[in-house]
Amino acid sequence: MPARLREMRWPSDREAVLSFQYEVYEKNFPGFRVTPGFLRDYAVQLKQAARSPYEHMYVLDNGGAVCGFLWIEVRATMVDPLVGYVKNIYIAPEVRGQGYAKMLLEAADEWFRFRGCTKATLDVSVCNEEAVSLYQSAGYEIIRHRMEKSY
Ligand SMILES: CC(C)(COP(=O)(O)OP(=O)(O)OC[C@H]1O[C@@H](n2cnc3c(N)ncnc32)[C@H](O)[C@@H]1OP(=O)(O)O)[C@@H](O)C(=O)NCCC(=O)NCCS
């Protein structure tokens, strides 16, 4: 049976979602190590988001086992009063390549549109090629480069 999308339940989904953050953060920020302190702070943010009308969290449920996560919010930018922002997306390795991330991004589009957003945005590291490819296949375009140089 395919995994199904459902709203994240706080606190019962908390441990699964926290366990995903090792890969999300260590892949996107090479050199960064997820620590117990980082996860504690992250759990506080999740708990606040679970109560916020501006944020929403979904999980992918595979027969009771959580195998995916999406965290989205609406925010204002300097030029747009209402923009959808994808804060976090994760699919467990055993169910990757089956279109689940695309499905989560479609759920994000629906949630953003319902709230009146005229566009969606996100940040991703260039080194995360799978994620960049996912976002492009979901219609996202690169509109800004963050540049750095090493000494
Ligand atoms: C990125 C990630 C969410 C993709 O999840 P997924 O369910 O496997 O993705 P999908 O099956 O929905 O694939 C959709 C598109 O993503 C891209 N993609 C997915 N896996 C890919 C891979 N291994 N290599 C290249 N492109 C890939 C493709 O464009 C694909 O479209 P296609 O099937 O038409 O080629 C998943 O690999 C993941 O959770 N990675 C770790 C967490 C992470 O980096 N999150 C992003 C934070 S910015």
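**A colleague's note on the ligand site and helix packing**

1. A good place to start is N128: one of its polar side-chain atoms sits 2.7 Å from an oxygen atom of the ligand, a polar contact in the sense of two N or O atoms within 3.5 Å. The backbone joins in as well, with a polar backbone atom of I91 2.8 Å from a ligand oxygen and one of K102 at 3.0 Å from a ligand oxygen. On its own the ligand would expose 920 Å², and the protein buries 73% of that (accessible areas by the Shrake-Rupley method with a 1.4 Å probe).

2. Before going on, please keep in mind that this is a predicted model, in which local features need pLDDT of at least 70 and side-chain atom pairs count only at pLDDT 80 or more, while totals for chains, interfaces and linings use all residues. Residues are numbered from 1 along each chain as its sequence is written, and side-chain values use heavy atoms, with hydrogens and water left out.

3. Who surrounds the ligand? The shell has 21 residues, and the closest are I91, G97, G99, N128 and S133 (a residue counts if one of its heavy atoms lies within 4 Å). By type, the shell holds 10 nonpolar, seven polar and four charged residues; here Ala, Val, Leu, Ile, Met, Phe, Trp, Tyr, Cys and Pro are nonpolar, Asp, Glu, Lys and Arg charged, and the others, Gly among them, polar.

4. The largest share of the shell, six residues, comes from α4. Helices are DSSP runs of H or I with at least four residues, strands runs of E with at least two, numbered from the N terminus.

5. Now look at how α3 and α4 pack: their axes are 10 Å apart, at an angle of about 50°. That makes α3 oblique to α4. Axes are lines fitted to C-alpha atoms over the stretch in contact, with angles from 0 to 180 degrees between N-to-C directions; under 35 degrees is roughly parallel, over 145 roughly antiparallel, 65 to 115 roughly perpendicular and the rest oblique.

6. The axes of α1 and α2 (residues 36-51) come within 10 Å and cross at roughly 125°, so α1 and α2 are oblique to each other.

7. One last detail to check is the cis peptide bond from W10 to P11, with omega near 10°. P11 is found in the loop between β1 (4-7) and α1.

Key. A polar contact is a pair of N or O atoms within 3.5 Å; within protein, one must be able to donate a hydrogen and the other to accept it, and residues adjacent in sequence count only if both atoms are side-chain atoms.
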